[in-house]
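I sat down with this one to see how its parts touch each other. My notes follow, in the order in which I looked things up.

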Amino acid sequence: MTTTASEKKDSPAASSASAAQAAPPSDTVTLTIDGQKVTAKKGTLLVEAARAVKNEIPVFCYHDKLKPVGACRMCLVEIEKMPRLQTACTTPVAEGMVVKTKSDMATGGQNATIALLLANHPLDCPVCDKGGECPLQDNTFAHGVGTSKFEEEKRHKDKAFELSENIVLDRERCILCYRCVRFHDEVPGDRALAVIDRGSHGEIGLASGEQYTSPFQGNVVDICPVGALTSRHYRFRSRPWDLKSQAGIAADDPTGSNVWIDTRDGRVLRLRPRENVDVNDAWIADATRWGTLPAERSERLAQPLVRKGGKLVAVTWFEGLRAAAALVRNHNTGVVATPALTNEAYGVLAEGGLGDAVSVWPRIAATSPQGTLAGLSSSKSVVVVGCDPWSEIPMLAIAVRRALVPFTRDGIATGGGGKLVVIAAENGLARDSAAWLKASGADLARAVADLCDALEGKGGSDAAKKAAAQLTVRPSSLVMGPAFAHEPGNAALVKRLQAALGVVDDKGACAGFSGAVDRYTNARGARELLGDKAALDAASAAGVLGRAGAGALDTVIVVGDVPHCAGFPVDGLGKARAVWLTASLPKDASTKAGAVPDVVDVVLPLAHVYEQGGAFTTLDGRHQGFDAAGIPPSVPGAGPDERAKADWYALALLAAELGRVTPHDLKGLRAVLSTKHAFARIPLNRNKTRTELTVV
Amino acid sequence: MSLSVTTRDAITAEVAKYPYKKTALLPSLKLAQKEKGWLSTETLAEVADLIGLPHSHAIELATFYAMLFTEKVAPVRVEYCLQLPCALVGAEDALAKTAKLLDVQLHGERGTRHGHTKDHLIELHGTVECYGACHRAPMCRVGDDYKENLKTDDDLQRLVADLKTRAAAAKSQAH
Ligand code: SF4
Ligand code: FES
Ligand code: FES
């Protein structure tokens, strides 16, 4: 139902009354923006309504995932019947509203805002990292007058102020949009940054001389609309127009953060969050952003190594594969795979039969969690036992926090209202927890039993009763550290807690989330693809390391590297010799003492995750495929075959060398795997995203 | 050095007055400043913790208001108003003469003029906005007191004598 312009002119009151009578009460309103009729949900902000019809109102402080504050005045628009210009980022749509974003009055306001912001801005774009991807440049170009009347001396402030080992702040460039402060306030909730002083003295700083230690710092670089916040890891390394952005998946994050991998001449220079409202929204953890960048290509091992007369010698792939195959053929062989390989690699292992047994190492949980992270984020009661998501899987902490505190989507607050009870030694979400029952080691089980008593109304300590009183609303979720969930003695207790919390309904469905969270990238993929074949605990008697240690194996193939723990299971190998497929070795590994353990006879170099295609499965079972972004290390002057290879490709080549034919290209391999495995039917690089990050 | 029990109790009493504890932050910081003379990083953190707020709230508020000091100030702080009504009746002059009588070297230009005695016990400032005492201009504020009608040399002599007494008191208190 829309009212016509003439009706409104006659009598606004009458027209709205007739609109109310004519239309059934609806939750939408219709308005006009620059002559275009727009129907939007009640409560929608003008800036979002305009965006929906591809009319981009310029903004600086507004960010669709943060609460609107109306600080910068960039989004001024003219609204009929309102005497002054209004900020589109704080004005909700209303029935019959007539908005002009390009009238003389609106343009005048936008021009003036740009002029005022630029009065004190240093205009040092030629030496600024943001140049080329800077909203201030873009808005100045589109909405500025192009000249300045400001002849006085500009204000001077700190230029390269080191906020932390990751972030540099240029206080002259800052336009005080508060996006960075609001991000820390609203998303992780750690209030890490503060606005210090007032007016033109105002500047961004740390709270009370504290350290900037948040695990989410990098996100403020993405959302800063000017070059005030820059990353020390990327500063002065490239210009945005020289970068190629490729959609990828975080190499270290079991929640499967979507990223843009920015490369220059095949070198991965930077990672940015790729918006996916179902996974990471628009954020990533610092561990992903800076911790997973591959080392310089020329510094990494590109050639296979084979031990000859006690010494490791660089050889061609042809020779390397032959040497590896010789160790496997006619020998009792086991495979140790890390839980950070691609699903395709697990597929080759599951199908190709490289060894008599495959084990996952380090140990991962025996069963996959039920429910989803989206379910976790909409739970009303959440219990965390024996882990600290904040420090172990930061993006999981964000997912938990969404259940507790409302977050902003498209400018509107949503969700929240849940309660969190934590039973663990550390708790990074302490400030948002309803209760924190400190416990570790063997005390965990006791504290959980105590909470169960209280939940079941069978007594329990006072602290447990208080905590239980917070956990009455459903749906509910349970997040457990693997160490607690692994403990065989805890199985009954876990069942009891799940029942007491009602995480699973009568039909066995889980509306929230329940299970143990492994911190390895693709633990779920490993479990799902190798589960029946593998002992998930490599060190157990039936596992590959257990059997090797008992002297039952001649050869062990170790595939991958393990972040968060020692890189290679040297101690478990017994008398077996090893073949190692790895991406972590430096170029001079053959001569560098200690780089390659003595038990290894053949090394096959792997590409970094960002230099290969494949798919990972998130801890809540979402399959996400990706293509190669960077170029893997190669041997200068040698043919195209002489380079580090994708994990699945190296395994497929080895299988072929052993006479077990496996397709050699990703498409063919996926076609074979797709008959049995759902992940292989998901196209690479086609994950659901709403839009690209619109702000930077 | 943490706050005295009296101040801490007074802060707790402030918190009880308001429906939102954040509201108690401003009066609490004033109480803390009253005891300490200024608000150090530690004091800000202590007050925030006492109320149960993030430290960033305390630093944002303390730096926003010019009369909450986040840098150490002298025990006797003299703030001359140099705004129009005061300026018209000779506030600039009064400030300069006071400085001379106290042997204080003034730095800065109009709007940032300030200086202190060699023993750092008395500070002079010409940086503040109107104190609402224009009808008895020129004036200055010393601690919580207004000194008004500072027109003649005698007025200034009296003022300086008072400042010196305050400085001496502060000095003996420190010992
Ligand atoms: S540093 Fe950047 S994001 Fe933070 S207030 Fe300044 S301009 Fe905004
Ligand atoms: S005031 Fe609307 S974008 Fe800043
Ligand atoms: S102008 Fe000085 S007190 Fe008002």
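Before the strands, a reminder to myself: two strands count as paired if DSSP finds at least two bridges between them. I also keep in mind that this is a predicted model.

**Entry 1, a strand pair.** With that rule in hand I went to E12(A) and E13(A), which pair in the antiparallel sense over six bridges. I then asked which residue A:Arg264 stands opposite in E13(A). I found A:Arg267 there, so to speak arginine facing arginine.

**Entry 2, the whole sheet.** Next I looked up the sheet around this pair. I noted an open sheet of three strands in chain A, ordered E11-E12-E13, with antiparallel pairing. Why is one side of E11 and of E13 in chain A left without a neighbour in the sheet? Both strands stand at the edges and each has a single partner strand, so one side of each stays free of a sheet neighbour. I wrote down an average twist of 30 degrees from one strand to the next.

**Entry 3, domains of chain A.** I turned to the domain assignment for chain A, which lists domain 1 (5-116), domain 2 (120-291), domain 3 (299-364 + 522-681) and domain 4 (370-516). For domains 2 and 3 of chain A, I noted that their centres, taken over C-alpha atoms, are 38 Å apart. In their contact, 14 residues of domain 2 of chain A meet 14 residues of domain 3 of chain A. Which elements give two or more residues to the domain 2 side? My sheet strands came back here: E11 (244-249), E12 (258-264) and E13 (267-273) of chain A. E11(A) has the largest share of that side, with four residues. By class, I logged six nonpolar, six polar and two charged residues on the domain 2 side.

**Entry 4, chain B against chain A.** I then moved to the contact between the chains, which takes 11 residues from chain B and 10 residues from chain A. On the chain B side, helix H3 (41-51) and helix H4 (55-64) each supply at least two residues. H4(B) gives the most to that side, with seven residues. I recorded the classes for the chain B side as six nonpolar, four polar and one charged.

**Entry 5, ligand 1.** Last, I checked what surrounds ligand 1. Of the 13 residues around ligand 1, those that come nearest are A:Cys174, A:Cys177, A:Cys180, A:Cys224 and A:Ala228. I sorted the shell by class and got 12 nonpolar, no polar and one charged.

Key
Residues are numbered from 1 along each chain as its sequence is written. Chains are lettered from A and ligands numbered from 1 in the order in which they are written. This is a predicted model: local features need pLDDT of at least 70, side-chain atom pairs count only at pLDDT 80 or more; totals for chains, interfaces and linings use all residues. Two residues are in contact if their C-beta atoms, placed from the backbone, lie within 7 Å. Ala, Val, Leu, Ile, Met, Phe, Trp, Tyr, Cys and Pro count as nonpolar, Asp, Glu, Lys and Arg as charged, and the others, Gly among them, as polar. Domain bounds come from an automatic or database domain assignment. A residue is near a molecule or strand if its C-beta atom, placed from the backbone, lies within 6 Å of it. Axes are lines fitted to C-alpha atoms, for helices over the stretch in contact, and angles run from 0 to 180 degrees between N-to-C directions.
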